[in-house]
Amino acid sequence: MDSMTLVAVASIVTAGLTTGIGCMAPALGEGRSVATALTALAQQPDASSTITRTLFVGLAMIESTAIYCFVVSMILIFANPFWNHVIAQATKK
Amino acid sequence: MRLSPDQWIFWQRGFVKLNATIVFTWGLMLVLAVGSKLVTRKLSMDLQRSRWQSLLEIIVTGIEKQIKDVGLREPRKYLDFLGTLFLFVALASFCNIIPGYEPPTGSLSTTTALALCVFVAVPLFGIREQGLGGYLKSYAEPTLLMLPFNIISELSRTLALAVRLFGNMMSGAMIIAILLTITPFVFPIVMTALGLLTGMVQAYIFSILAAVYIAAATRSGKSKANTKSKTGAAPAPEPKPVTP
């Protein structure tokens, strides 16, 4: 394999792994937080607005980790700096 | 495939580009400014009100209530900034139902600009509320050892605000684009509806997080006994009017 293929393979495999693994942990975290929030809601329906707001803010915080992984894999696929570098090297020759 | 509306260029001369992000942002600004100007042109105080005035009143009082719930006791001071943030992000994702439109918040430059607004506004509000010395002291809040971490958190949450909004908006557009190539008929519509929901949630979260940061900056330096008694006392009187 020449370096171009190597870069392409590494980018695509890493992009898939990034989103794949990076979505698992936030999914677990979000599931736990929603379950806890539902328990709290069932116990204290009066505090529903506070619980819901805090839940949304917390979910956004947790979800942003998954979003970071997604952004990284999108960069690897569509705007890969290493790929651009390899292309530039290849056209120079 | 376009990653962001930045790459969709309408007009270019030299290095001056007019891309879709700028054009749609201007469009949204025009809609927001002209719309609110038209609605507030003839406000009425009596029982006969126009529908648009009722809509605007619902939005403004709703935002005001949310800001108050976060812990800013004088929401009017922050209403213009936070309300504008919310309305812009919400309208940017709501206009997705118009064909040919791409949300300008799907570009990292727009979201970075919005996050930088928050980054600048938080110290400004903090200084206005507790003076320059009081605000700067809040960086060394528990101990002086926390100073670098406070500064890092200031920077990293700005980055997080920008990337979160960008990632959510961009992923919505990307998923629809990918689905269009796989199942062109029904599923993109479902995902667009889901995108409207996430857009609203993101707009809410963006403005709520900005409000939380501003609340932290304006309140942290004030006497701790004061805040402690407030947190202890504030939830207690609220249920009282409900029980009798």
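Which residues have the most contacts inside the largest nonpolar core? In this predicted model, they are V89(B), F206(B), A210(B), A211(B) and I214(B), within a core of 49 residues. Two or more residues are contributed to this core by each of α2 (48-78) of chain A and α1 (20-39), α2, α3, α4 (108-137), α5 and α6 of chain B. Helix α6(B) provides the largest share, ten residues. Of the residues named above, F206(B) touches L85(B), V89(B), L161(B) and L165(B) when residues up to four places away in sequence are left out.

The secondary structure of chain B consists of seven helices and two strands, arranged along the sequence in the pattern β-β-α-α-α-α-α-α-α. Chain B has 244 residues, of which 28% are buried. When contacts in chain B between residues at least 6 apart in sequence are considered, 66% of them join residues at least 24 apart.

The two strands of chain B are joined in a hairpin, with two residues between β1(B) and β2(B). In the turn, G14(B) adopts a positive phi of about 65°. The pairing of β1(B) with strand β2 (residues 16-19) is antiparallel and extends over four bridges; within it, W11(B) has L18(B) of β2(B) as its bridge partner. Strand β1 of chain B, residues 9-13, lies largely in the open, because the number of buried residues among its five is zero.

Helix α1(B) comprises 20 residues and reaches 28 Å from its first C-alpha to its last, close to the 28 Å expected at 1.5 Å a residue. Its buried residues are A20(B), T21(B), F24(B), T25(B) and L28(B). These residues cover an arc of only 130° around the axis and are therefore placed on the same side of α1(B). An α-helix has 3.6 residues a turn, so residues three or four places apart point the same way. The other side of α1(B) carries the exposed residues W26(B), M29(B), L30(B), A33(B), V34(B), K37(B) and L38(B). Both strands of the hairpin take part in the packing of this helix: the buried residues of α1(B) pack against β1, β2, α3 and α4 of chain B.

Helix α2 of chain B (residues 51-70) also has 20 residues, for which a span of 28 Å is expected at 1.5 Å a residue; the C-alpha atoms at its ends are 29 Å apart, in agreement with that value. Burial in α2(B) involves I63(B), Q66(B), I67(B) and V70(B). Viewed down the helix axis, the buried residues of α2(B) fall within an arc of 100°, so they line one face of the helix. The exposed residues R51(B), S54(B), I58(B), T61(B) and K65(B) occupy the face of α2(B) turned away from the buried side. Among the elements covering the buried residues of α2(B) are α3 (75-94) and α6 (187-219) of chain B. Just after α2(B), a positive phi of about 130° is found at G71(B).

The contact between the two chains involves 15 residues of chain B and 13 residues of chain A. On the side of chain B that touches chain A, α5 (147-182) and α6 each supply at least two residues, and α5(B) gives the largest share, six residues. This side of chain B is made up of ten nonpolar, three polar and two charged residues.

Individual positions in the two chains were also examined. In chain B, L179(B) belongs to helix α5. L179(B) counts as partly exposed because it has 18 C-beta neighbours inside 10 Å, a number below the 20 at which a residue is classed as buried. Leaving out residues up to four places away in sequence, L179(B) touches F187(B), P188(B) and M191(B). The C-alpha atoms of L179(B) and W8(B) are separated by 21 Å, the two residues being 171 residues apart along the chain. In chain A, I87(A) is located in helix α3 (residues 81-92). I87(A) is partly exposed, with 13 other C-beta atoms within 10 Å. I87(A) and M4(A) are 83 residues apart in sequence, and their C-alpha atoms are 7.9 Å apart in space.

Key:
Residues numbered from 1 in each chain as written. Chains lettered and ligands numbered in written order. Predicted model: local features only at pLDDT ≥ 70, side-chain atom pairs only at ≥ 80, totals over all residues. Expected span 1.5 Å × (residues − 1). Buried ≥ 20, exposed ≤ 12 C-beta atoms within 10 Å, placed from the backbone. Arc of directions from axis to C-beta. Contact = placed C-beta atoms within 7 Å. Pairing = 2+ DSSP bridges. Nonpolar A, V, L, I, M, F, W, Y, C, P; charged D, E, K, R; others polar. Core = buried A, V, L, I, M, F, W, Y, C linked by C-beta atoms within 7 Å.
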